[in-house]
There are 4 protein chains.
Amino acid sequence: MIPWGSLVVYVSPRGRRYIKRLVEGEDWQSTDGILSAATVASLDFGREAYTHLGVPILLQEATLYDRLQGIKRQTQIIYAKDIAAICLKLGAGPKKTIIEAGSGSGGLTVALSYFCGPTGKVITHEARPEFAKLTLRNLEWAGVGDNVELHEQDIAQGFAARDADALFLDVRTPWLYLDQALSAVKKGAMLGFLLPTVDQVRELLLGLETRPVANIEVLELFKRNWKPVADRLRPEDRMIAHTGFLVFCREQEMSAQFLHYKPKGTRERKQEAALKARLQGTD
Amino acid sequence: MIPWGSLVVYVSPRGRRYIKRLVEGEDWQSTDGILSAATVASLDFGREAYTHLGVPILLQEATLYDRLQGIKRQTQIIYAKDIAAICLKLGAGPKKTIIEAGSGSGGLTVALSYFCGPTGKVITHEARPEFAKLTLRNLEWAGVGDNVELHEQDIAQGFAARDADALFLDVRTPWLYLDQALSAVKKGAMLGFLLPTVDQVRELLLGLETRPVANIEVLELFKRNWKPVADRLRPEDRMIAHTGFLVFCREQEMSAQFLHYKPKGTRERKQEAALKARLQGTD
Amino acid sequence: MIPWGSLVVYVSPRGRRYIKRLVEGEDWQSTDGILSAATVASLDFGREAYTHLGVPILLQEATLYDRLQGIKRQTQIIYAKDIAAICLKLGAGPKKTIIEAGSGSGGLTVALSYFCGPTGKVITHEARPEFAKLTLRNLEWAGVGDNVELHEQDIAQGFAARDADALFLDVRTPWLYLDQALSAVKKGAMLGFLLPTVDQVRELLLGLETRPVANIEVLELFKRNWKPVADRLRPEDRMIAHTGFLVFCREQEMSAQFLHYKPKGTRERKQEAALKARLQGTD
Amino acid sequence: MIPWGSLVVYVSPRGRRYIKRLVEGEDWQSTDGILSAATVASLDFGREAYTHLGVPILLQEATLYDRLQGIKRQTQIIYAKDIAAICLKLGAGPKKTIIEAGSGSGGLTVALSYFCGPTGKVITHEARPEFAKLTLRNLEWAGVGDNVELHEQDIAQGFAARDADALFLDVRTPWLYLDQALSAVKKGAMLGFLLPTVDQVRELLLGLETRPVANIEVLELFKRNWKPVADRLRPEDRMIAHTGFLVFCREQEMSAQFLHYKPKGTRERKQEAALKARLQGTD
């Protein structure tokens, strides 16, 4: 039995996927025909039903992935491959507090909320009211968001939290908010950024150069789909070639000595160690 | 203050990263010198300390990513880019139950355990005692595992759970265990597989053809690192070109009618709809 | 002055490219207006002309690359990136004789003919009359082909040449023609193949295993375009993810001794060398 | 019979490839033993010979590809995948004149010379005497170069030819030589560039913005090798992730009208066409 309130994916024989919440009295209608809510509720996920036109329809539970694909978007959305890598790298999970800006359409917010769960927390910021509203709507639609605080504020004024475990910036000019970002996280926390152009990456790297950060990484992820046909196995003809550059780094105190450290020769080091050891009386 | 028991990453000026648990009385020793446990415990993550040789060392908290990099491995390990995509696709998270086999060195198990947290569950299977032991050791080392059940059993006999939300097989011949896998999950659940060669993908697809599954996907993920230097921004010279093929599908009842569905022309369909509607007295 | 008979590319302000041979009295007509042949002939390549509707049009010489893009195709055509790699790997150039089958639409034939020039030779085979005709037409259209022999014959009966410098097979089941191919080339010659699916690659590799060949290579080439905008430099959103697998090998006698050669230890080898040297009286 | 003077590839059972010219009296010597020049000359390419240590060695003709791999290099060399694409895009071939700078180690020069053959011409420029010498040496070694003019001169003073069919710049700051380059080629000719970093690409694009050029393209090529094993077919673990960005464009007069052309609505255009037609008396 599919519970009322479930997000149901209706899959048509032509492979189209429609997501709709199962609400009493609200039938699913499409060009393939009608499926009554009562019928759907009487079946299980993973089963098939026939519309009043006799068209078979698969009933599936909307997974996190389906929800990310299905959210309403008014902005460029972050792709699932990037969302997955961001959540892993930031360590989004139970008991963690993650800061995000801007919320945009809320795609990453949905995933962060999902992974952090009831014991974690997501603090997201969005200056434009229409996107803030959209994010809230998408969180509700996706069945997550209880652990999300949305702040309709400009991050130039700072973030609405301190001591976060990690922070992610998906804004056009992240280099303008680095001091605010560093003040909002725990010491040693991970920071992440998503940027479409190399010029933005360059500006960000210039900004990071003068800040207390370490472990700077710039990377791209590609997903290549294959046609799942056993006897003619081959990659799909086309793929997404670019979604954005991911940049990660960690808050880190770092002295000039560390940055300009010149390793000494082995002998020199042994002598010095011997000297120190003697002076410290540990010889 | 870094708490006793923390997994600390020690970063040397030459960029090497060492992970060690902070235990009272157990100093960190390296060719760069010694850092006493007491000193480290008196500092914060994200700070710097000097060894008795005067070498500056960064102190960082081992993130999930660091832990995945650092686990002891006796098998081919799954790369973080693939782990991230698997966890997202399976929907590993709070309140979910995920089945896995084989545990291998426990890399994916660590991530699944992390994301599922105290309210979720991971049921992992490993037939070889030495790998089962290694997985338990790596879970403990990584500071996760409370929600993990490890079964030292051959999955040919079936899995040690029913009604799981998702299942992942990282074994050489997954096509031999499809019936067992389908019996172990909830209706409509997501199944995932990782395979190094295309011949294995082919065998798996042949196996899936005769099983009740839908939404088969085959994909590869690539990660391309860039040199993070603002004025000479360019990709790294080399990259990992292949880790494995990811295959996903969902348990799904599917009739011959669905599979061989031929959409009718619009007019034909309208007539039929009108007829049905009349017969059903809903006109 | 653009010579009569030239292949001219007309570039419209919207970026569309039309290729047409410049023939006296045959004006270029498009939705952007008309350019008279006489006007075009009075100008130079790299100049601009205005149609009778006042639309500016760029006049360019059709390069080899333009010609490859512009040929009429009734078959899957080989992409320029693959054609370039094939021509280099086969060493297509002056004084060389290259065998090809099947001609298909003649894309590769055009390039081979171009690179081999007046002192080289291309022997192409095409069993289907309509494609043979199309290849001839495309060669003529592209302004090459004087060094091409087209044989409308089934290669199961063998190739129409011996002692070729290299041979390329773009057919569905190349493993059926390996003996014929090996008989048609010089000793040690390079053989190349293009195949869309991995199952075909597998069949071909199985066929090559039992033949006198060495240096087997399987590879894919990707081309990733970037948006050429200085201040927002970024890759294009989409790319061609798959065109085909290229396989290369060389005719090569190879003994079991070579294949199963076990290198000996240094000392063992020195002793043996000393022994041999003594026996040969060269010590 | 392998002709005296041939460039022979000696392939050892461990897969190492040595290239050496076959000269009377100059035996091939390696850790695998000695092969006398007379023996080699008595055999054919594609055959096997045994060293005095009894090690089997394959004898192959050095193809263009082998020669490109084997040239002595004191600079970063251009990869074969890029060389192939450059030669195709520039249309290097019989009867063409191609300008190049800098010669570097002469890798591209070898390929251009090969493809242009006896009826074509390569004009290469290299300011540093040691590289000029190296290029000449590599051309001779590779058995090409009769059609090459090497100018040991700084291209800031201009190129040593006019009216070339195409030009390629592999220098650190190509944007400084755009006017010289444009003066050295035929109207409408293709220009190409190779650059390792995106900042260089950006500088070049800024330089091209103010020059008479069209069809600017920026692209990257990737080559992914597969393990050629029929039953365990899979990509190699590692690949070259970056060699350089290729930039191409064509000399092209282009008016402001072309650049800022705004297509008019269909009706508007028809009216205008009608008006023009009337004024021109062609109605």
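Helices and strands are DSSP runs numbered from the N terminus, a helix needing at least four residues and a strand at least two. With that naming in hand, the predicted model can be toured from its backbone geometry outwards to the contacts between its chains.

A good place to start is the stretch of chain A between β9 (148-151) and β10 (164-169), a loop that holds A:Asp163. The phi angle of A:Asp163 is near 60°, which is positive although the residue is not a glycine. Its surroundings are open by the neighbour count: A:Asp163 has 12 other C-beta atoms within 10 Å and is therefore exposed, since the class takes in residues with 12 or fewer. Chain B offers a further case in B:Lys95, a residue other than glycine whose phi is positive, near 75°. This lysine sits in the loop linking α3 (80-90) to β7 of chain B. B:Lys95 has 13 C-beta neighbours inside 10 Å, so it counts as partly exposed.

Peptide geometry also deserves a look, and here chains B and D are the ones to open in the viewer. In chain B, the bond joining B:Ala101 and B:Gly102 is cis, with omega about -15°. B:Gly102 belongs to the loop that connects β7 (97-101) with α4 (107-116). In chain D, a cis peptide bond leads from D:Ala101 to D:Gly102, where omega is near -15°. D:Gly102 likewise lies in a loop, the one between β7 (97-101) and α4 (107-116) of chain D.

Turning to the assembly, how does chain B superpose on chain A? A rotation of 180° with 0.0 Å of shift along its axis does it, at an RMSD of 0.0 Å. This is the relation of a two-fold axis. Both copies use the same surface, as 100% of the contact residues of chain B recur in chain A.

Chain B also touches chain D, in a contact that takes 17 residues from chain B and 17 residues from chain D. On the chain B side, at least two residues each come from α7 (198-209), β13 (234-235) and β14 (238-240). The largest share of that side, 3 residues, is supplied by β14(B). Sorted by class, the side of chain B facing chain D comprises 8 charged, 7 nonpolar and 2 polar residues.

The strand β14(B) also pairs across this contact: 3 bridges join it to strand β14 (residues 238-240) of chain D, and the two run antiparallel. Within this pairing, B:Met239 stands opposite D:Met239 in β14(D).

Key:
Residues are numbered from 1 along each chain as its sequence is written. Chains are lettered from A and ligands numbered from 1 in the order in which they are written. This is a predicted model: local features need pLDDT of at least 70, side-chain atom pairs count only at pLDDT 80 or more; totals for chains, interfaces and linings use all residues. A residue is buried if 20 or more other C-beta atoms lie within 10 Å of its own, exposed if 12 or fewer, and partly exposed in between; C-beta atoms are placed from the backbone. Copies are superposed by least squares on the C-alpha atoms of residues with pLDDT of at least 70 in both. Two residues are in contact if their C-beta atoms, placed from the backbone, lie within 7 Å. Ala, Val, Leu, Ile, Met, Phe, Trp, Tyr, Cys and Pro count as nonpolar, Asp, Glu, Lys and Arg as charged, and the others, Gly among them, as polar. Two strands pair if DSSP finds at least two bridges between them.
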